[in-house]
Amino acid sequence: LFLKKLYGNEARLFRQTQLAIELMMLTFVRTGELIGAKWDEFDFEKARWDIPASRMKMKKSHLVPLATQSIEILEELKHLSGHREHVFPSQREPRRHMSNNTILMALRRMGYQGIHTGHGFRALAMSTILEDLEYPYEVVDVQLAHAKKGDVQAAYNRAKFLKERTRMMQDWADYIDGLVKK
């Protein structure tokens with residue numbers, strides 16, 4: 001139901017806001033990471049988004065493999081805001097990025113106030129990818145850019161699982177597409 005409301009744009013969201021929610025769902029990054037995205041962070045040829053450490057919660061850069069669906073969204077956004085520094089510029093102050101509240105307000109307009117938040121896409125992705133797509137916890141956890149637990153693990157485990165995460169992100173996007181077509 002959520003996907004049909006989002007893709008059908010029943011709440012009459014600005015197209016940029018609708019695409020922000022779609023991209024957040026596909027990449028399951030934190031809201032601040034999404035709305036602060038700048039065009040120079042994206043490598044379209046490699047289908048990757050390199051979020052700099054300065055914008056990450058744990059102050060470590062984070063590589064997000066992009067599914068073909070994410071690239072398509074970014075291509076559309078390029079037409080809407082490609083001449084700006086930010087992927088999601090503010091409607092009121094185009095030199096700044098969209099507000100933190102934009103996603104929350106959009107979810108409210110869709111009828112999900114108190115039910116869903118931008119951060120909820122992270123939990124949804126983790127649970128669904130573990131349960132339905134059967135990826136190992138460690139792969140999903142690295143994609144969520146969580147801090148390693150414990151001094152020893154943080155010091156020795158530097159696995160990035162890039163090949164697995166790239167496949168996982170495409171599988172996740174295809175899974176979402178499959179739900180929309182049901």
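Which residues does H86 touch, not counting residues up to four places away in sequence? Let us work through that and a few more exercises together.

A word on the model before we start: it is a predicted one, in which local features need pLDDT of at least 70 and side-chain atom pairs count only at pLDDT 80 or more, while totals for chains, interfaces and linings use all residues. Residues are numbered from 1 along each chain as its sequence is written, and side-chain values use heavy atoms, with hydrogens and water left out.

**Exercise 1. Place H86 and list its contacts.**

Step 1: H86 sits in the loop between α4 (68-81) and α5 (101-109). Helices here are DSSP runs of H or I with at least four residues, strands are runs of E with at least two, and both are numbered from the N terminus.

Step 2: The relative accessibility of H86 is 8%, so H86 counts as buried. The classes are buried under 20% relative accessible area, exposed over 50%, and partly exposed in between, with a 1.4 Å probe and protein chains only.

Step 3: A contact means heavy atoms within 4.5 Å. With residues up to four places away left out, H86 touches G36, A37, K38, W39, S81, R95, R96 and H97.

**Exercise 2. Describe the overall build of the chain.**

Step 1: Count the elements: the chain has 9 helices and 3 strands. In sequence order they run α-α-α-β-β-β-α-α-α-α-α-α.

Step 2: Check the compactness. The radius of gyration is 16 Å, close to the 16 Å from the globule rule for 182 residues, so the chain is as compact as a globular protein of that length. This radius is taken over C-alpha atoms, and the rule is 2.2 Å times the number of residues to the power 0.38.

Step 3: Look at the box. Along the principal axes, the C-alpha atoms fill roughly 50 × 40 × 35 Å.

Step 4: Turn to burial and contacts. Of the 182 residues, 43% count as buried. Among contacts between residues at least 6 apart in sequence, 62% join residues at least 24 apart.

**Exercise 3. Work out how α2 is packed and how it ends.**

Step 1: Test the length. α2 has 13 residues and reaches 18 Å from its first C-alpha to its last, close to the 18 Å expected at 1.5 Å a residue. The expected span is 1.5 Å times one less than the number of residues.

Step 2: Assess the burial. In α2, 12 of the 13 residues are buried, so this helix is largely enclosed by the rest of the structure. Among them are Q16, L19, L23 and T27.

Step 3: Zoom in on Q16, which lies in α2. Its relative accessibility is 9%, so Q16 counts as buried. Leaving aside neighbours within four places in sequence, Q16 is in contact with L77, L80, V87, F88, P89, Q91 and M98.

Step 4: Follow the chain past the helix. Just after α2, F28 takes a positive phi of about 40°. F28 is in the loop between α2 and α3 (31-35), and at 0% relative accessibility it counts as buried.

**Exercise 4. Set F161 beside F28: is F161 buried or partly exposed?**

Step 1: F161 lies in the loop between α8 (151-156) and α9.

Step 2: Phi of F161 is near 50°, a positive value in a residue other than glycine.

Step 3: At 26% relative accessibility, F161 counts as partly exposed, whereas F28 is buried at 0%.

**Exercise 5. Find what covers the buried residues of α6.**

Step 1: Check the span. The 12 residues of α6 (residues 120-131) should span 16 Å at 1.5 Å a residue, and the end C-alpha atoms are 16 Å apart, which agrees.

Step 2: List the buried residues of α6: G120, F121, R122, A125, M126, T128 and I129. As background, an α-helix has 3.6 residues a turn, so residues three or four places apart point the same way.

Step 3: Name the cover, which includes α1 (2-8), α2 (15-27), α7 (137-143) and α9 (162-181).

**Exercise 6. Compare sequence and spatial separations for two pairs.**

Step 1: E138 is in helix α7 and is partly exposed at 43% relative accessibility. E138 and N9 are 129 residues apart in sequence and 35 Å apart in space, C-alpha to C-alpha.

Step 2: T166 lies in helix α9 and is partly exposed at 37%. T166 and Q143 are 23 residues apart in sequence and 9.6 Å apart in space, C-alpha to C-alpha.
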